[in-house]
Amino acid sequence: MSEADPVLTPHKRKPDWIRVKAPISQGYMQTKALMRRLNLATVCEEAACPNIGECWTKKHATVMILGDTCTRACAFCNVKTGMPRPVDPLEPEHVATAAAELGLEHIVVTSVDRDDLPDGGASQFVKVIEALRRETPSTTIEILTPDFRNKSEAAVEAIVAARPDVYNHNLETVPRLYPTIRPGARYYASLRLLESVKRHDPSIFTKSGVMVGLGEQRLEVHQVMDDMRSADVDFLTMGQYLQPTPRHAKVEEFVTPQAFSAYAAIARAKGFLLVAASPLTRSSYHAGDDFEKMRAAREAKLASTRNPSEVLRG
Ligand code: SF4
């Protein structure tokens with residue numbers, strides 16, 4: 001491909017705060033070998049996540065179910081697009097085996113979009129949750145689902161009934177940028193999905209994330225925070241968008257760590273139970289530790305509403 005190809009946009013040079021370690025540890029190699037042996041895809045690899053060295057060294061991997069091929073082609077995402085293979089009936093057992101062998105206290109399970117399936121893949125999420133509860137009952141479960149376009153109500157109902165501990169669905173960006181960045185999705189449909197999780201079961205933690213650096217304005221990000229809070233989202237994650245290949249949407253800005261701290265302060269003031277905002281924050285980054293923090297924050301909040309004077313004295 002020539003340099004003059006108008007389809008390609010050059011990678012912007014990454015600032016120092018984005019640099020990460022190369023993935024060469026023994027833990028990394030073991031995690032990789034296990035995923036291949038069980039025929040499991042991971043979003044860590046498919047999305048070219050910059051944290052893979054750190055996470056896999058600690059044997060934290062985010063499993064991507066329903067295959068490795070997505071029916072959509074979002075401008076920010078590195079996952080392969082095309083006609084997916086049939087659903088693997090062994091996948092739920094393999095996910096449970098991976099969780100057991102990695103000794104996971106908390107697992108994050110995500111998927112590609114499967115607009116080709118009548119239920120969008122919801123029943124496979126349910127089977128994975130059931131297999132995990134059976135095989136590794138002490139592992140807490142976080143799912144990161146697609147928007148289940150045009151079938152989200154039934155999908156959410158089925159998945160919520162299986163009782164994951166955390167239901168995550170990312171809004172990804174501000175509504176103005178949806179037509180270019182997430183053309184197959186609708187901002188308000190995603191918001192309604194998050195709201196309907198809480199409507200079906202208020203005890204399930206909800207979580208959502210946005211990428212910054214795609215050309216969004218600060219006040220637009222604040223509005224997204226307000227929208228999430230109106231859907232009663234508990235946990236906000238914010239990270240820097242990185243262009244996976246020259247064919248993907250280009251980075252408009254590298255947001256500084258100081259600007260991330262300012263976003264985090266605003267988000268906390270808006271009432272999220274937990275906020276993770278830094279250049280390398282990703283949906284599943286430190287998900288296990290953050291789950292414990294979220295649980296503690298909810299306990300503290302409940303205690304304060306039960307007995308405000310205790311909290312004031314404490
Ligand atoms: S941050 Fe999430 S996607 Fe990235 S390597 Fe860690 S577990 Fe995988």
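This briefing covers the ligand shell, the annotated positions and two strands with their neighbours. The model is a predicted one. The ligand is surrounded by a set of residues that includes C44, C49, C55 and S284, and these four are also the positions covered by the UniProt annotation "binding site", which comes from an unreviewed entry. Although they are spread over 241 residues of sequence, the four cluster in space, with a largest C-alpha distance of 10.4 Å.

**Ligand shell**

- Besides C44, C49, C55 and S284, the residues surrounding the ligand are V43, N51, I52, H60, A61, T62, R282 and Y285.
- Sorted by class, this shell holds 7 nonpolar residues, 4 polar residues and 1 charged residue.
- Helices α2 (43-46) and α3 (52-57) each contribute at least two residues to the shell around the ligand.

**Two of the annotated positions**

- C44 is located in helix α2, and C44 counts as buried because 26 C-beta neighbours are found inside 10 Å, where 20 or more are needed.
- When neighbours within four places in sequence are left aside, the contacts of C44 are C49, I52, C55, W56, A61 and T62.
- S284 sits in the loop between β10 (274-277) and α11 (287-306), and S284 is buried, since 29 other C-beta atoms lie within 10 Å.
- Not counting residues up to four places away in sequence, S284 touches T62, V108 and L144.
- T62 therefore appears among the contacts of C44 as well as among those of S284, given that contact here requires C-beta atoms within 7 Å.

**Annotated domain**

- UniProt, again in an unreviewed entry, places the feature "domain: Radical SAM core" at residues 56-273.
- This span, residues 56-273, is 38% helix and 17% strand, and its end C-alpha atoms lie 27 Å apart.

**Strand β5 and its partners**

- Strand β5 (residues 106-111) is mostly covered, with 6 of its 6 residues buried.
- In a regular strand, side chains alternate between the two faces of the sheet.
- In β5, H106, V108 and T110 point one way while I107, V109 and S111 point the other way, and all of them are buried.
- Strand β2 (residues 62-65) pairs with β5 in the parallel sense over 4 bridges, and M64 stands opposite T110 of β5.
- Strand β6 (residues 140-144) also runs parallel to β5, to which it is joined by 5 bridges, and V109 stands opposite I143 in β6.
- From β5 the chain crosses through helix α5 (residues 122-135) to β6, and this β-α-β crossover is right-handed.

**Strand β9 and its partners**

- Strand β9 (residues 235-240) is likewise mostly covered, as 6 of its 6 residues are buried.
- F235, T237 and G239 point one way from β9, whereas L236, M238 and Q240 point the other way, and all of these residues are buried.
- Strand β8 (residues 205-212) pairs with β9 in the parallel sense over 6 bridges, with S208 standing opposite L236 of β9.
- Together with helix α9 (residues 218-230), β8 and β9 make a right-handed β-α-β unit.
- β9 is joined to β10 by 4 bridges, and the two strands run parallel; the bridge partner of F235 in β10 is L274.
- A right-handed β-α-β unit is also made by β9, helix α10 (residues 257-269) and β10.

Key: Residues numbered from 1 in each chain as written. Predicted model: local features only at pLDDT ≥ 70, side-chain atom pairs only at ≥ 80, totals over all residues. Near = placed C-beta within 6 Å. Nonpolar A, V, L, I, M, F, W, Y, C, P; charged D, E, K, R; others polar. UniProt positions renumbered as here; feature names shortened; annotations may be inferred. Buried ≥ 20, exposed ≤ 12 C-beta atoms within 10 Å, placed from the backbone. Contact = placed C-beta atoms within 7 Å. Pairing = 2+ DSSP bridges. Right-handed = clockwise from strand over helix to strand, strands pointing away.
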